[in-house]
Amino acid sequence: MRYSHQRELILKEVLSRNDHPTAEQICTSLREVCPRLSLGTVYRDLNTLVEIGKVRRVSIPGEADRFDGELNVHQHMFCRKCRRVITLPIPEESIRELVAACPDIRVDNYFLSVFGLCSDCARQENL
């Protein structure tokens with residue numbers, strides 16, 4: 001794969017954030033330093049970065065894909081109120097035990113997405 005200055009900028013942007021940005025958020029953020037950057041280029045380069053294992057795609061049904069630079073095993077939560085994606089610190093062994101309890105399947109990979117309210121939104125609802 002050939003070097004791409006724009007792809008390098010996109011990778012650095014994803015790695016510098018912990019808010020699981022969408023392609024559109026990344027494009028908007030980078031337009032200050034790269035005004036001619038197109039959303040199509042951002043999508044293509046993000047797909048390439050996912051394919052080569054540099055970033056992780058976080059898919060939430062009904063939402064735009066999010067991107068995560070943290071490649072260590074971890075899971076995510078989508079807050080139905082503020083629409084943020086947050087990292088869940090669920091021990092990997094706990095997830096492995098749940099998956100292992102499913103008989104007669106062969107698992108190649110897994111990602112757990114939890115849906116509900118983040119701690120900030122849950123606290124606001126309880127006021």
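Start with Arg66 and Glu63, which form a salt bridge in this predicted model. Their closest N and O atoms are 3.8 Å apart, and the pair counts because the cut-off is 4 Å. Arg66 has a relative accessibility of 8%, so the residue counts as buried. Glu63, its partner, has 23% and therefore counts as partly exposed; the limit for buried is under 20%.

Next, helix 4, which covers residues 92-100. Here Arg96 pairs with Glu93, and the closest N and O atoms are 3.2 Å apart. The two residues are three apart in that helix, so about one helical turn separates them. As for accessibility, Arg96 comes out at 42%, which makes that residue partly exposed. Glu93 is also at 42% and is likewise partly exposed.

Then helix 5, residues 119-125. Asp120 and Arg123 form a salt bridge there, with the closest N and O atoms 2.6 Å apart. Again the spacing is three residues within the helix, so Asp120 and Arg123 lie about one helical turn from each other. Asp120 has 36% relative accessibility and counts as partly exposed.

Now a case that goes beyond a pair. Which residues are linked with Arg17 in a network of salt bridges? They are Glu13 and Asp19. If you have the structure open, look at Glu13, Arg17 and Asp19 together, since the network links these three.

Last, the total. How many salt bridges does the rule give? The count is twelve. Among them are the pairs I went through: Arg66 with Glu63, Arg96 with Glu93, and Asp120 with Arg123.

Key:
Residues are numbered from 1 along each chain as its sequence is written. This is a predicted model: local features need pLDDT of at least 70, side-chain atom pairs count only at pLDDT 80 or more; totals for chains, interfaces and linings use all residues. Side-chain values use heavy atoms; hydrogens and water are left out. A salt bridge is a side-chain nitrogen of Lys or Arg within 4 Å of a carboxyl oxygen of Asp or Glu. Buried means under 20% relative accessible area, exposed over 50%, partly exposed in between (1.4 Å probe, protein chains only). Helices (H or I, at least four residues) and strands (E, at least two) are DSSP runs, numbered from the N terminus.
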